[in-house]
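These are my notebook entries on a structure I had not opened before. I wrote down what I looked up, in the order in which I looked.

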Amino acid sequence: MERLTPNSMTGAFNTAYLKNLTDVVNHITQNGGWAVVDPHNYGRFFGNIITDTGAFKTWWQNLASQFKSNSNVIFDTNNEYNGMDQTLVLNLNQAAINGIRAAGATTQYIFVEGNQWSGAWSWTSVNDNMKALTDPQNKIVYEMHQYLDSDSSGTSSTCVSTTIGVERLTAATSWLRTNGKIGIIGEFAGGANSQCQAAVKGMLDHLKANNDVWKGALWWAAGPWWANYIFSFEPPSGTGYQSYNSLLKGYA
């Protein structure tokens, strides 16, 4: 957000940065892909928790207006809100939705994220109020994140068990179905070992078996900037790529 609007949330765009972003998005979508536009800000702006829902709405309205004619763009309100008032998280998500639709972007899906890192494993106890979100286009997708290490942080390549992926999604699956919502796992990964591979496979099998409420999963992460990251999916030598490419292709 700060690179795009360096002065304030309601201020003018950095035109060079906007052009680079637009060029990347267009390259992806013109070749048949989906581009998720995601302010990776953890509910912060210049390190401070965003509390001005009106400014947040304006930020999203201004950005969505740049992509309103591109139906292959997906808007993700913000990455991994955390340590925030729960009602504020709800209201920021709603403000983003309202801003996006006010921009005339009416065909795009909107990913919403919850508090406490948007974890699937804790979703029902932390983010139950998110069921109150509304969208006149009915295109909300609840993005949850799920890693398989001891604290669900994704900082270890050791998975708790071969079944931990299913165990950490089960309650969220029930929540989605009970509330008539649709979800996606926006971040997941596993270490380069057989226990993690079994856990990832079990999780993906669970998503597939419940595809009435789950619409997919996105591995985190790829790109040359990730260098030697333990889950890097950057071909041809990323640890995640080498260990999981064949497995993930089976679910494509």
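Entry 1, asparagine 127. I began with asparagine 127 in this predicted model and asked whether the residue is buried or exposed. Its relative accessibility is 0%, and because buried means under 20%, asparagine 127 counts as buried. I then looked up where along the chain asparagine 127 sits, and found the residue in the loop between α4 (123–126) and β6. For its side chain I noted a polar contact with the side chain of glutamine 86, at 3.0 Å.

Entry 2, aspartate 85. I turned next to aspartate 85, which lies in the loop between β4 and α3 (86–102). Its relative accessibility came out at 49%, and since exposed requires over 50%, aspartate 85 counts as partly exposed. Which backbone nitrogens lie at 3.1 Å and 2.9 Å from a polar atom of the side chain of aspartate 85? I found that the distance of 3.1 Å belongs to the backbone nitrogen of threonine 87, while the backbone nitrogen of leucine 88 lies 2.9 Å away. I also checked aspartate 85 against valine 213, 128 residues apart from it along the chain, and their C-alpha atoms are separated by 27 Å.

Entry 3, β7 and β8. I looked up how these two strands are arranged, and I noted that β7 and β8 run parallel and are joined by three bridges. Following the chain from β7 through α6 to β8, I recorded a β-α-β crossover that is right-handed. For a single pair to find on the model, I picked phenylalanine 188, whose bridge partner in β8 is tryptophan 219.

Entry 4, the largest pocket. I put the space in the largest pocket at about 1,900 Å³. Its lining has 44 residues, and the closest to its centre are Val36, Val37, Asp38, His40 and Trp220. Among the elements that give two or more residues to this lining I listed β1 (35–37), α2 (53–67), β4 (73–76) and β6 (140–146), and also the two strands of my previous entry, β7 (183–188) and β8 (214–219). Which element gives the largest share of the lining? I found that α1 does, with six residues. Sorted by class, the lining of the largest pocket has 29 nonpolar, eight polar and seven charged residues.

Entry 5, the second largest pocket. I noted a volume of about 440 Å³ for this one. The lining is made up of 15 residues, of which Gly216, Ala217, Leu248, Tyr251 and Ala252 are the closest to the centre. I recognised two elements of the crossover here, as α6 (194–209) and β8 each supply at least two residues of the lining, and β8 gives the largest share, six residues. By class I wrote down 10 nonpolar, three polar and two charged residues.

Entry 6, the cavity. I looked last for enclosed space, and I found one cavity of 30 Å³ or more, with a volume of about 30 Å³. Its lining consists of Tyr147, Leu148, Asp149, Gly154, Ser156, Cys159, Ala189, Gly190, Gly191 and Phe231. In terms of class, I entered five nonpolar residues, four polar and one charged.

Methods. Residues numbered from 1 in each chain as written. Predicted model: local features only at pLDDT ≥ 70, side-chain atom pairs only at ≥ 80, totals over all residues. Heavy atoms only, no water. 1 Å grid on protein atoms, 1.4 Å probe; cavity = no way out; pocket = protein on both sides within 12 Å on 5 of 7 lines; lining within 4 Å. Points joined across faces, edges and corners; volume = space filled by probe spheres on them. Helix = DSSP H or I, 4+ residues; strand = E, 2+ residues; numbered from the N terminus. Nonpolar A, V, L, I, M, F, W, Y, C, P; charged D, E, K, R; others polar. Buried < 20%, exposed > 50% of the residue type's maximum accessible area, 1.4 Å probe, protein only. Polar contact = N/O pair within 3.5 Å; in protein donor to acceptor, adjacent residues only side chain to side chain. Pairing = 2+ DSSP bridges. Right-handed = clockwise from strand over helix to strand, strands pointing away.
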